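Here is my notebook from a session with this two-panel view, sequence beside model. Have both open and follow along with me.

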Amino acid sequence: MKHSLLIYLFIMVLVTNLIRVLPMTLIRRRITHPFLRSFLYYVPYVTLAVMTFPAIMEATSSPWGGFIALLFGIVAAWFGWGLFPVAAVCCLVAFVCEIL
Amino acid sequence: MRTETRSIFLHGMRDGFPIGMGYFAVSFSLGIIAAKAGLTAWMGFVGSFLTRASAGEYGVYSLIAIGASYVEVVAMCMVTNLRYLLMSTALTQKFASNVSLLKRILVACCVTDEVFGISIAYPGNLPPAYPFGAMLVSTTMWASGTAVGIVAGEILPPHVVAAFSVALYGMFIAIIIPPSKRDRAVGLSVIASFLLSWLCSVLPTVREMSAGTRTIVLTIVIAAVAACVKPVKIEDHDEA
């Protein structure tokens, strides 16, 4: 069976955005349940942390480049640097590791 | 547009720019895969503009390339993007109560890992103009990167691509480290996340899990444990 490229793309756009919109239509009020509130408080940090490591080590040609970029990024963020400076530091460190 | 809303929108655009630079590099490599699936530059631009999901798009383009069924594409989108369900749910709690449903839905559509990250880091309630500004800039660069990747293929040297792709993780780090410093429970959750995520990628059997599934499972488990061990105090900062 021949599949249509446009139908594939339509499915991708539809399903991805439905997943995003669903909670917004269902949850309009403040959640007061203590466990749920605490759970949602931790979710963003945990998700981003899980997605950062070990993935950052797979982004560079040698895992060490990504790992060292991670360490420099953590130190820069610890001292209060913003989004862009931290990202730039990581790129720079990764780039240096790539060419060494 | 009110001046205040305007300046928030511009603030969002400014914060969206570094995100967009990281996106461009990532979607450039995504474009190379999209080209293998037979997408034209325009299809890549529109598809990426409307979808905005790195892992999700990567999965779908790989499926298209092997002529998989539509059902598999639906399943792939659900598994790789389920984390957006959690992120949107978290964002429902960031709005002032007078924000309209339409705006909430539009903000939901802005949810990507990074735009969510800066939105949740926004002090106090989230004005929708902020993610709108960030989304406009970053999504345009995301879509452009895909299109350029489809057309140009491999013109950037690999070490430049590698350096760029670290930018996204750098932004994640900038979002999670400051609250880890302030709140020890967040810090410990972040350390646990790093460790468990790494373990799940190397341990036999568990490592067969896709990165998307791993993200969902670990997020639910670690956030639930943290919520049980160290529940947060209920404080309603809704001034509306």
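What percentage of the 240 residues of chain B count as buried? I looked that up before anything else, and 53% of the residues of chain B count as buried. For my own bookkeeping, buried means under 20% relative accessible area, exposed means over 50%, and partly exposed is in between, with a 1.4 Å probe and protein chains only.

**Ground rules**

I am working on a predicted model, where local features need pLDDT of at least 70, side-chain atom pairs count only at pLDDT 80 or more, and totals for chains, interfaces and linings use all residues. Residues are numbered from 1 along each chain as its sequence is written, chains are lettered from A and ligands numbered from 1 in the order in which they are written, and side-chain values use heavy atoms, with hydrogens and water left out.

**Chain B, overall**

I found ten helices and zero strands in chain B. Helices here are DSSP runs of H or I with at least four residues, strands are runs of E with at least two, and both are numbered from the N terminus. Reading from the N terminus, I noted the elements of chain B as α-α-α-α-α-α-α-α-α-α.

Next I checked the radius of gyration, which is taken over C-alpha atoms, against the globule rule of 2.2 Å times the number of residues to the power 0.38. Chain B has 19 Å, which agrees with the value near 18 Å for a compact globule of 240 residues. The C-alpha atoms of chain B fill a box of roughly 55 × 50 × 35 Å along the principal axes.

I also looked at the domains, whose bounds come from an automatic or database domain assignment. Chain B is divided into domain 1, residues 3–169, and domain 2, residues 183–240. Their C-alpha centres lie 22 Å apart.

**Chain B, close up**

How do helix H1 (residues 3–36) and helix H7 (residues 129–152) of chain B cross? Their axes come within 5 Å and cross at roughly 20°. That makes H1(B) roughly parallel to H7(B), a label for angles under 35 degrees (over 145 is roughly antiparallel, 65 to 115 roughly perpendicular, the rest oblique). The axes are lines fitted to C-alpha atoms, for helices over the stretch in contact, and the angles run from 0 to 180 degrees between N-to-C directions. I wrote down a right-handed crossing for H1(B) passing H7(B); right-handed means the near helix is turned clockwise from the far one by less than a right angle, left-handed anticlockwise.

Then I went through the backbone angles. B:Arg52 is not a glycine, yet has a positive phi of about 50°. I located B:Arg52 in the loop between helix H2 (41–51) and helix H3 (54–65) of chain B. Is B:Arg52 buried or exposed? B:Arg52 is buried, with a relative accessible area of 6%.

B:Thr205 also has a positive phi, near 70°. This residue sits in the loop between helix H9 (184–202) and helix H10 (211–229) of chain B. B:Thr205 is exposed, with a relative accessible area of 66%.

I stopped at B:Phe164 in helix H8 (residues 158–182) of chain B too. B:Phe164 counts as partly exposed at 33% relative accessibility. The C-alpha atoms of B:Phe164 and B:Val46 are separated by 23 Å, with their positions 118 residues apart along the chain.

**Chain A**

I counted five helices and zero strands in chain A. Chain A has a radius of gyration of 20 Å, whereas a compact globule of 100 residues would have one near 13 Å. The C-alpha box of chain A is roughly 50 × 50 × 20 Å along the principal axes. Buried residues make up 53% of the 100 residues in chain A.

A:Arg37 is in helix H2 (residues 34–52) of chain A and counts as buried at 16% relative accessibility.

Which bond joins A:Phe53 and A:Pro54? I found a cis peptide bond there, with omega about 5°. A:Pro54 lies in the loop between H2 and helix H3 (55–59) of chain A.

**Across the chains**

Last, I compared helix H1 (residues 5–26) of chain A with helix H4 (residues 70–92) of chain B: their axes come within 7 Å and cross at roughly 25°. That makes H1(A) roughly parallel to H4(B), and H1(A) passes H4(B) in a right-handed crossing.
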